[in-house]
Structures are given as structure tokens and as C-alpha cells.
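Visitor: I have a few minutes before my next gel. Could you walk me through this one?

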Amino acid sequence: MKAFHIPFIAAALSVSANIQAAEEINKFGRDTEVCDVCLIYSGDTSRPTWDADHLRPYVTHKYADGHREWFYDSFLFLEFHLGNAQLANAGAGQQAAVQSEWMKYLDNLFEEGHDLHQLDRMISEYKLELGEPSFRHKVIISTCCPAKDGSQGGAVWRDINWGTIDGEKINFALRSHRIKATKWFIDQIINRFKEENFDNIDLAGIYWLEESLFSNGEIVPAINNHIHSRGLRSYWIPYWKNNDQYAHEWNSKYNFDLAWRQPNYFFYEKVDDQLTLPPYSQLTEAIEDSKRYGLGLELEFETQGTSNGMHEVSPNMHQRLNDYIDEFEKQGVWESAGVAHYSGTQGLYHMAQSTDPVNQATIDRLARIVAGRHNKWAGIDNIVADSMQFAYPGNGEIYITADAPDAVCYNFSGVAVHYGDGRFKCPEGFYIVSDGKGNASKVMVR
């Protein structure tokens with residue numbers, strides 16, 4: 001994802017009036033459908049097959065003490081390219097993907113044995129162990145985007161023999177045809193998802209793949225209107241630099257339901273032909289700017305390549321992941337913002353395979369935060385015991401009075417974790433305690 005950031009500086013210099021006109025909201029963006037969305041890159045041969053082993057660390061998290069809980073509530077499936085064929089604009093010399101390649105990407109997502117089917121199956125299996133989650137798992141699927149032809153050097157709109165729709169030959173030199181092709185593909189996504197009749201996952205919306213609207217901004221409002229007409233929501237993740245003219249008007253002009261802003265603090269960038277890491281101030285500025293204009297935030301790390309955040313590989317890069325978690329906490333992101341989680345091609349899978357205790361501790365902390373946010377999004381924040389109180393939360397424990405000898409304590413996944421009265425240790429989180437006589441108390445352990 002991050003390798004495709006293209007700074008369009010000239011465009012940025014010409015739109016200062018638009019930036020000034022953007023609405024200042026002074027409130028983080030969040031969504032009613034999704035809370036913490038993890039990005040799943042799938043389709044190109046450079047990606048893993050999203051089978052049970054690779055998906056497990058994203059669906060559930062196993063803590064250092066051995067217990068397991070639900071992890072992410074939402075999954076964004078996306079891909080930028082299939083080999084040399086670009087599913088979105090990537091710059092000069094690009095080879096634009098055609099209709100058959102768009103469908104190849106879609107077929108991969110819906111193929112039995114991995115991706116969407118494996119996700120649905122895995123949730124069913126873990127319900128037997130963890131009980132029903134406090135949320136319904138959601139899926140967001142990226143649409144492919146019309147791409148310019150770069151076969152003759154630069155990148156321009158022209159007829160690339162993309163394919164046909166209802167017998168009409170689509171010509172990307174025509175704006176109306178670019179809209180028609182994208183709407184058609186979104187309909188393919190929606191119809192295909194309905195046909196599969198999944199048990200445990202719902203389609204929350206469609207994701208716009210390009211991280212800047214430099215090439216396709218003129219068609220995005222029409223595309224989002226079409227998504228809304230199909231009863232779904234539209235999502236976007238703009239990159240940080242030289243992108244304010246689009247990111248600040250994500251809703252007022254482009255009609256997205258939620259956009260998560262990338263701080264891009266984790267990644268090396270080239271400055272004067274030298275690789276350098278952004279200053280901490282870029283992270284704080286991105287958070288402050290997102291709140292000003294009503295965006296959510298993206299948490300970012302990778303476990304491969306130059307920006308490898310595995311602690312045993314680079315403690316300094318691993319600290320950058322902790323910087324995100326810390327600063328999100330300081331500035332209230334975890335309290336009130338929607339968050340997208342970028343971990344490279346298979347970051348959480350690599351973290352789960354690691355024996356480094358620092359990696360374990362960091363992801364344990366992140367998973368606890370995410371679990372708490374799910375409870376909050378489900379409307380069970382600030383829980384207090386009822387007037388018939390017989391269960392009391394302590395520091396890492398719950399105390400059940402002798403008035404409830406038949407009590408059963410359940411975590412918010414519905415799993416019984418304690419029977420009877422007395423004092424018992426338990427992880428932080430929300431619990432429901434039944435006294436066995438028809439009364440229940442809700443308690444929160446910190």
C-alpha cells in the first residue's frame with residue numbers, strides 16, 4: 001500500500017483555496033458499522049494465501065498467558081495489482097488492468113478454501129471456543145479503479161480495450177465509461193457477496209483503492225452515490241503528504257462515509273536521495289489534522305523490507321509502532337475515532353510466529369485496546385452494577401458475595417469463566433455475572 005504513494009506537488013500548490021474552504025469538524029471520524037478494520041492484501045502472487053493459519057492472528061489473538069479472545073471486528077480486502085496489471089493508477093509507464101483482470105481479483109476473494117470463505121468458516125469454529133462475539137464481523141471490499149494507459153511513456157486516458165458491458169465497448173477515454181465500468185464492478189461485488197450467503201460476515205461497504213484522488217476524483221462522488229443507492233457505505237484511506245486538497249473534503253465534496261488518514265510516520269521516505277524516517281511531529285500533526293477535519297486514523301507497521309518492525313530485527317522500528325499506540329492514547333483516538341490497521345502484507349501473522357516477548361507484549365496491548373473498543377462500540381461502555389449488586393470489580397479481579405453461591409460469571413464473548421461466590425482473578429474487560437436466580441450484574445475490570 002505504502003509503496004504507491006505518489007506526491008502530486010504541482011496539484012497541491014494550485015488548490016490552497018479548496019483547502020481553506022474545507023469544513024473544520026474538530027471531531028474524529030468514526031463509523032456505525034465498523035470499529036477496528038484490518039487490511040488484508042490479497043490477489044497478487046506476492047501475497048500469502050489467506051488460509052486458516054494466516055487469518056487466525058487477525059480473527060483472534062492469543063495472549064501471553066495462553067488465553068484467546070476475538071480480535072478485529074472488520075476486514076478490508078484489497079489489492080493494487082496483479083503482476084504488471086494495475087488495479088488503480090500507479091504512475092508513468094503503468095499497464096492498466098482490463099475487465100478480465102478485475103474479475104480475476106474478485107474471483108480470488110470468493111474462491112473456496114481461503115479469503116472470504118475461510119474467514120466465515122473460522123469465525124464459526126471459534127464461536128465454539130469463545131462464544132458469540134459482542135459484535136457482528138464486517139467485510140469491506142475494494143473496488144478496482146479505472147487506470148490510465150502508460151504504454152507510451154506517461155499515463156493518459158485512452159481506449160485500452162478494457163472490455164464490454166451489456167454489449168457496449170468500454171472506452172476509458174470517456175468519463176461516462178469510467179463511471180459505468182466502476183459501477184458495474186461494484187454491482188458484481190455486491191451480487192456475488194449476496195449469492196454466497198455467508199453465516200458470520202456482512203458486507204459493510206466498498207473501499208476506494210487509490211490513496212489520492214488526483215486521477216479519478218471527478219468520478220468518485222458518482223461512484224459513492226451508487227454505493228449508497230445499493231444500501232452500503234463508502235470508505236477511503238488517503239496518504240499524508242501533498243494530499244490535503246482531497247483528504248480535507250473527503251465527505252463534503254467526495255461523499256465518503258468514513259476516511260482514515262495515514263500518518264505515514266512508520267515508513268522510510270526518500271529526501272534529497274537519502275532514506276530518512278519522519279519526525280515524531282508528523283505523527284502528532286496527522287492526528288491533530290484528522291480531528292480538525294473529521295477523519296479517522298490509520299495505525300501502521302510492517303514486518304518486511306526496509307521498515308521492518310519486528311523487535312528482534314529493529315527495536316527502533318518496533319518503537320515506532322508503540323509510538324502510534326501511545327500517541328493515539330494521548331490524543332483520544334482510541335476513545336472516539338475509527339481506526340484502520342495496516343500491518344503490511346502479513347504483519348500480525350509474523351508477530352504471532354515470533355518468540356520475542358516484546359512483540360508479544362506489544363500485540364497483547366493492542367489487542368486489549370481493540371477488545372475494549374468493540375465493547376464501547378456495542379454500547380456497553382461505562383458499565384456499572386445494577387441495584388441488586390452482588391458482584392464487584394477489583395484490580396484484575398471480581399468479587400462475588402456469599403449471597404450468590406450459584407453465580408456464573410461470563411466474559412463478553414459469552415464464555416463462562418467462573419462459578420460460585422468468592423474472589424477470582426480475571427483479565428481486564430467487561431463481564432456479566434448471573435446470580436442463578438434471574439438477576440444479573442454487569443461489571444468492568446481494569
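Guide: Sure, one term to start with: a cavity is a set of grid points where a 1.4 Å probe fits but cannot get out, and its lining residues have an atom within 4 Å of a point. Also bear in mind that this is a predicted model.

Visitor: Which residues line the largest cavity?
Guide: Cavities of 30 Å³ or more come to a count of one, and the largest has a volume of about 40 Å³. By class, its lining has six nonpolar, two polar and no charged residues. The names are Cys38, Leu39, Tyr58, Tyr72, Phe301, His341, Ser343 and Leu348.

Visitor: And the largest pocket: which element gives the largest share of its lining?
Guide: That pocket holds about 1200 Å³ of space. Of its 42 lining residues, the closest to the centre are Arg368, Ala371, Gly372, Glu428 and Gly429. Elements giving two or more residues to the lining include α5 (115-130), α13 (357-377), β23 and β24. The largest share, ten residues, is from α13.

Visitor: How many residues in the lining of the largest pocket are charged?
Guide: Split that lining by class and you get 18 nonpolar residues and nine polar ones. The charged class, which takes in Asp, Glu, Lys and Arg, has 15.

Visitor: β23 came up just now. What is the bridge partner of isoleucine 432 in β24?
Guide: Start with the pairing: β23 (residues 429-434) runs antiparallel to β24 (residues 440-445), with six bridges joining them. The two form a hairpin with five residues between them, and glycine 436 in the turn has a positive phi of about 80 degrees. Across the pair, isoleucine 432 has as its bridge partner lysine 442.

Visitor: Which residue in β23 stands opposite valine 408?
Guide: Here you need another strand, β20 (residues 408-411), which pairs with β23 in the antiparallel sense over four bridges. Opposite valine 408, in β23, stands serine 434.

Visitor: What about the largest nonpolar core: which helix gives the most to it?
Guide: This core has 112 residues, and those with the most contacts inside it are Ile141, Leu299 and Phe328. With eight residues, the element that gives the most to the core is helix α6 (residues 175-196).

Visitor: Which residues does leucine 299 touch?
Guide: Leucine 299 is among the residues with the most contacts inside the largest core. Leave out residues up to four places away in sequence, and the list is Leu321, Tyr324, Ile325, Phe328, Trp334, Val339, Ala340, His341, Tyr342 and Leu366.

Visitor: How many residues are in the second, separate core?
Guide: The second core stands apart from the core of 112 residues. Among its members are Phe390, Phe424, Val433 and Val445, and the count is 13.

Visitor: Over to β13. Which residue in β16 stands opposite tryptophan 260?
Guide: β13 pairs in the parallel sense with β12 (residues 233-236), over two bridges, and tryptophan 236 has alanine 259 as its bridge partner there. Leu258 and Trp260 point one way from β13, Ala259 and Arg261 the other way, and all are buried. β13 also pairs in the parallel sense with β16 (residues 296-300), over two bridges. In β16, the residue opposite tryptophan 260 is glycine 296.

Visitor: Is asparagine 264 buried or exposed?
Guide: Asparagine 264 lies in the loop between β13 and β14 (269-271), and has a positive phi of about 55 degrees although it is not a glycine. Its relative accessible area is 10%. Buried means under 20%, so asparagine 264 is buried.

Visitor: And asparagine 161, buried or exposed?
Guide: Asparagine 161 has a positive phi of about 55 degrees too, again without being a glycine. You'll find asparagine 161 in the loop between β8 (137-143) and β9 (163-165). The cut-off is over 50%, so at 54% relative accessibility asparagine 161 counts as exposed.

Visitor: What distance separates the C-alpha atoms of serine 252 and glutamate 23?
Guide: Serine 252 sits in the loop between α8 (244-247) and β13 (258-261), and is partly exposed, with a relative accessible area of 48%. Along the chain, serine 252 and glutamate 23 are 229 residues apart. Their C-alpha atoms are separated by 7.5 Å.

Technical notes: Residues numbered from 1 in each chain as written. Predicted model: local features only at pLDDT ≥ 70, side-chain atom pairs only at ≥ 80, totals over all residues. Heavy atoms only, no water. Pairing = 2+ DSSP bridges. 1 Å grid on protein atoms, 1.4 Å probe; cavity = no way out; pocket = protein on both sides within 12 Å on 5 of 7 lines; lining within 4 Å. Points joined across faces, edges and corners; volume = space filled by probe spheres on them. Core = buried A, V, L, I, M, F, W, Y, C linked by side-chain atoms within 4.5 Å. Buried < 20%, exposed > 50% of the residue type's maximum accessible area, 1.4 Å probe, protein only. Contact = heavy atoms within 4.5 Å.
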